[in-house]
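Thanks for making the time this morning. I would like to walk you through one model, and I will ask you to keep the structure on screen while I talk.

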Amino acid sequence: MRRVVITGIGTINPVGHNLEEAWENVKKGVCGIDFTKQIDTTNFKVKVSGEVKDYDPANFLDKKEARKMDRYTQFGMIAAREAIKDSGIDIEKEDPFRCGTIVSSGIGGLITITDQTMRGAEKGYERISPFFIPMSISNMCAGEIAIDTGFKGVCECIVTACASGNNSIGEAFHKIRDGYQDVMLTGGAEGCICNMGVGGFTVMQALSTSEDPNRASIPFDAERGGFVMGEGAGILILEELEHAKARVAKIYGEIVGYGASCDAYHITAPDPTGAGAAGCMEMAIADAGIAKEEVGYINAHGTSTHLNDAGETKAIKTVFGDHAYKLMVSSTKSMTGHLMGAAAAIEAIFTTMALKDGFVPATINYKTPDPECDLDIVPNEGREADIKYALSNSLGFGGHNAAVLFAKYEG
């Protein structure tokens with residue numbers, strides 16, 4: 001089987017407008033949660049979110065093209081262009097049909113759907129924007145990126161709620177490993193902090209109602225009370241190793257395993273036994289052909305909901321046994337909030353950088369231990385650590401589970 005490496009990274013998220021800024025802030029333990037500015041929260045129970053700070057699309061995109069993109073697509077395009085530039089890949093020198101795109105979104109153009117529904121109700125539904133459909137559908141970010149890059153290979157959008165990003169990265173990994181493509185642009189984008197998005201998750205009682213930004217997204221803490229919505233995008237350029245070496249590309253890290261499963265349990269609640277998530281991690285480790293004891297770090301799904309954090313902890317113990325207590329298991333959602341369909345893509349970037357730089361990010365703002373979540377969650381301060389393998393977990397509504405196993409690149 002062919003080896004698959006990461007040669008380009010791009011991101012825009014609540015802790016940074018690019019890779020360098022975001023990773024530096026993650027290492028410092030900067031909290032990207034703050035009071036929501038995109039909507040008036042006066043009559044909302046939920047007051048905070050993980051917004052992209054000081055965001056003006058005109059600073060990144062041509063004004064005309066930005067007007068035809070929903071916010072989530074804007075984020076995806078910004079991250080994709082950074083990743084392409086970072087990778088140094090030149091499509092003119094590639095077979096475009098061997099270069100593919102898999103970019104996910106859990107919800108798609110919800111801001112456009114909300115705005116245009118209101119416009120239709122007020123002015124008539126034949127007076128809505130002619131770009132309503134292409135701006136709102138979930139696959140359009142992948143399509144726009146493929147058009148922009150000239151990648152003519154497989155182009156897909158995998159929608160598996162909050163597992164979407166990992167499913168996209170995992171499937172892109174297999175496309176290259178198994179010989180179908182040589183280069184893949186992959187990840188996720190999300191931008192749905194709007195009245196319908198916040199309201200919808202609030203009535204499900206899924207969101208934190210804390211009015212303290214530093215005590216809202218608190219994974220594994222006994223006082224956790226729900227997740228915090230985030231927004232942004234993360235994009236990775238994956239390449240077959242020999243292809244990357246032939247063009248003397250820089251290499252951030254390697255992807256070596258992928259697993260996906262379904263709880264088949266409930267539309268929103270995870271299986272409390274953690275069986276589905278455990279099976280998913282087992283698959284990723286088996287896919288890589290390594291021993292469980294070789295895994296040194298897990299970037300947990302860690303949403304800051306009671307059921308997720310307790311269930312994921314059980315799943316890790318099921319898979320790793322005594323080794324679970326030797327692992328570092330942190331949740332960077334403590335800094336970014338939960339980017340839903342883009343969450344795993346952002347976390348894949350942080351996991352890759354953790355391996356490359358030998359630094360494990362913290363679970364910040366942790367105060368009150370929970371006996372159900374008794375693993376080493378790297379509380380409050382990141383840690384220097386030379387690790388070879390790291391897992392990134394993602395779990396989504398509908399019972400979707402996806403895990404990707406990353407390796408430090410050593411030639």
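I will go through the sheet and then the nonpolar cores.

Please bear in mind throughout that what you see is a predicted model. Let me begin with the sheet, which is open and is formed by ten strands in the order β5-β4-β6-β7-β1-β8-β14-β13-β9-β10, with mixed pairing. At its edges stand β5, residues 155–156, and β10, residues 328–330, and each of these has a single partner strand, so one side of each is left without a neighbour in the sheet.

Within that order, β4, covering residues 99–104, pairs with β6, covering residues 183–190, in the parallel sense over six bridges, and Val103 is found opposite Gly187 of β6. Lying across β4, β5 and β6 is helix α6, residues 140–149, which runs at about 150 degrees to β4.

Now to the cores, where the largest nonpolar one has 45 residues, and where Ile6, Ile9, Trp23, Leu236, Leu238, Ile255 and Phe350 are the residues with the most contacts inside it. Among the elements that give two or more residues to this core are the strands β1, β7, β8 and β14 and the helices α1, α7 and α13, and α13 gives the most, with eight residues.

Which residues does Ile6 touch, if we leave aside its neighbours within four places in sequence? Its contacts include Leu236, Leu238 and Ile255, as well as Lys250, Thr352 and Phe406.

Finally, there is a second, separate core of 29 residues, which includes Ala315, Val319, Leu327 and Leu375.

Conventions. Residues numbered from 1 in each chain as written. Predicted model: local features only at pLDDT ≥ 70, side-chain atom pairs only at ≥ 80, totals over all residues. Heavy atoms only, no water. Core = buried A, V, L, I, M, F, W, Y, C linked by side-chain atoms within 4.5 Å. Buried < 20%, exposed > 50% of the residue type's maximum accessible area, 1.4 Å probe, protein only. Helix = DSSP H or I, 4+ residues; strand = E, 2+ residues; numbered from the N terminus. Contact = heavy atoms within 4.5 Å. Pairing = 2+ DSSP bridges. Axes fitted to C-alpha atoms, helices over the stretch in contact; angles between N-to-C directions.
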